[in-house]
Amino acid sequence: MTRNPYLSDTCHTLKPLVPIDTLYLIQWVKKILQEYLYLVKDKVVDMKFLKFEYKITIFYLLAGGLWILFSDKILLILINDRTVLSEFQTYKGWFYVVVTAIILYFFIRKHLNKRRDLERKLQEHQNHLEKIVKIRTVELESTIKHLKETQSHLVQSEKMASLGLLTAGVAHEINNPLNYIMGSYSGLKLVLKKQLDEDEKLNKLLKNLKIGVDKAAGIVKGLNQFSRDQESFDETCEIHSILDNCLVMLNSQLNGLIKIERDYAEALPPCIGNVGKLHQVFINILTNSIQAINTAGKIKISTKTINNSILIEIADTGCGISKEDLPKIFDPFFTTKDPGKGTGLGLAITYNIIKMHNGQLDFTSELTSGTNAKIILPIK
Amino acid sequence: MKKFKILYVDDEFINLELFEISLGIKYHVFTAHNGIAGLQVVEENPDIKVVISDMKMPIMNGLEFLRKLCTKHSEISCFLLTGYGLTPEINEAIREGLILDCMSKPFEMELIDKEIQRVLNK
């Protein structure tokens, strides 16, 4: 007799109740079952989590197998009549097919309904997500737009700050020698009082000297106005003198070929705002007008009082703005000028300054015939 | 007739010279090239009626000089001259009455003369 490794020595000596091979088999099956149950308990092999295809296969196999094993026996127990039994046996297969089909139908339907529900929920969730993404995109776009505007503001204010420092420095440096000339002129007039009454030439020379100094002093004053770093909006702004200051500063760019036509209202009331920033506004608009005129042309500046507001119109005979470009002119960084010539910030800044004055800025333009800028500022 | 005494403070020598030539005919002009020298001149000549000072100067600027001057001699009328436009600081000084007016450079002697006359006639 061969020794069984699973049995103790005493076992070998005892006479077994069942044949040893059978005992061995039972122990083996027990072990396998234990292992399987352990697996079921420990791991996630719960029926709930079994995959659908496994469930169906298991059900099908069980139903089929049990049917084959027990259907005949049950029939035999229930029915004794042989003819009835054979009749039943013919329909037995059909009965099985129909019952399993019905059970499987409900089983699959329940499963699919679950899936459909899930899909619907998923779709809803996806729609919701898409909506959120859309909202976020709009938010982001407005943030980017805001950032761009802020950036343009920063660039411009940085530029203005350095320009302001430069012009203020230059203005002061020029002012001093101008002061010498002015002082000398006063001194000369006093010292040469007697000759001046007699000599017409000397009179003219001194007069022209004074005109020159006055003109230079005017330019310096204009520069000072333009570069002021005042941030308050409560200054008294004389629109005519601001316009004239700007024209003095831009005079060199007119090349004698661009005619300036002034149509100023008599006794225009002042408005409240920021003198320096309004200088920027008119410099920007007038510069655009000058650059739009290729060779010769005309810029007409007119002022009017309308309903407690000041209307300033600047019309040029330049190249005009195309219909496609007109809605974009206030966008920061939009420019039709050659790279390096324009930053695309001028009108964006201008628009913002007018807005800060609670005013309005409108452009109408026709290609080749010119552009008309309309600025409305409340008097308050 | 005895001339009224006025003081002009500026760090530019040429300006001082020209001021003296033009207004020296009408007034007894004292000049100083900075604030400290200006204060000293007033100490030595307390009968100075009008002080005109440049804004931008070394050591102390025009407003600082005039503020120091007025704490001791509040009866003196002060004017400021500047090559830069009006600043908030200057506007404040005009509001509180420290200076009667601020004139911008380049200044005209006739204008300064008129202002001085206005003060002296009061």
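## Helix α5 of chain B

In this predicted model, helix α5 of chain B comprises 12 residues (109-120). At 1.5 Å a residue the helix should span 16 Å, the expected span being 1.5 Å times one less than the number of residues; the end C-alpha atoms are 16 Å apart, which agrees. Helices here are DSSP runs of H or I with at least four residues, and strands are E runs of at least two, numbered from the N terminus.

The buried residues of α5(B) (under 20% relative accessible area, 1.4 Å probe, protein chains only) are B:M109, B:I112, B:D113, B:E115, B:I116, B:V119 and B:L120. They cover an arc of only 165 degrees around the axis, taken from the directions from the axis to the C-beta atoms, and therefore lie on the same side of α5(B). The face turned away from this buried side carries B:K114 and B:R118, both exposed (over 50%).

## Strand pairing in chain A

Strand β7 (residues 370-378) of chain A is joined by 7 bridges to the antiparallel strand β5 (residues 309-316), and A:I312 has A:I375 as its bridge partner. Another 7 bridges join β7(A) to β6 (residues 360-366), also antiparallel, where A:F363 stands opposite A:A373. Strands count as paired if DSSP finds at least two bridges between them.

The hairpin of β6(A) and β7(A) has 3 residues between the strands, and A:T368 takes a positive phi near 70 degrees.

## Basis of the values

Local features need pLDDT of at least 70 and side-chain atom pairs 80 or more, whereas totals for chains, interfaces and linings use all residues. Residues are numbered from 1 along each chain, chains are lettered from A and ligands numbered from 1 in written order, and side-chain values use heavy atoms, without hydrogens and water.
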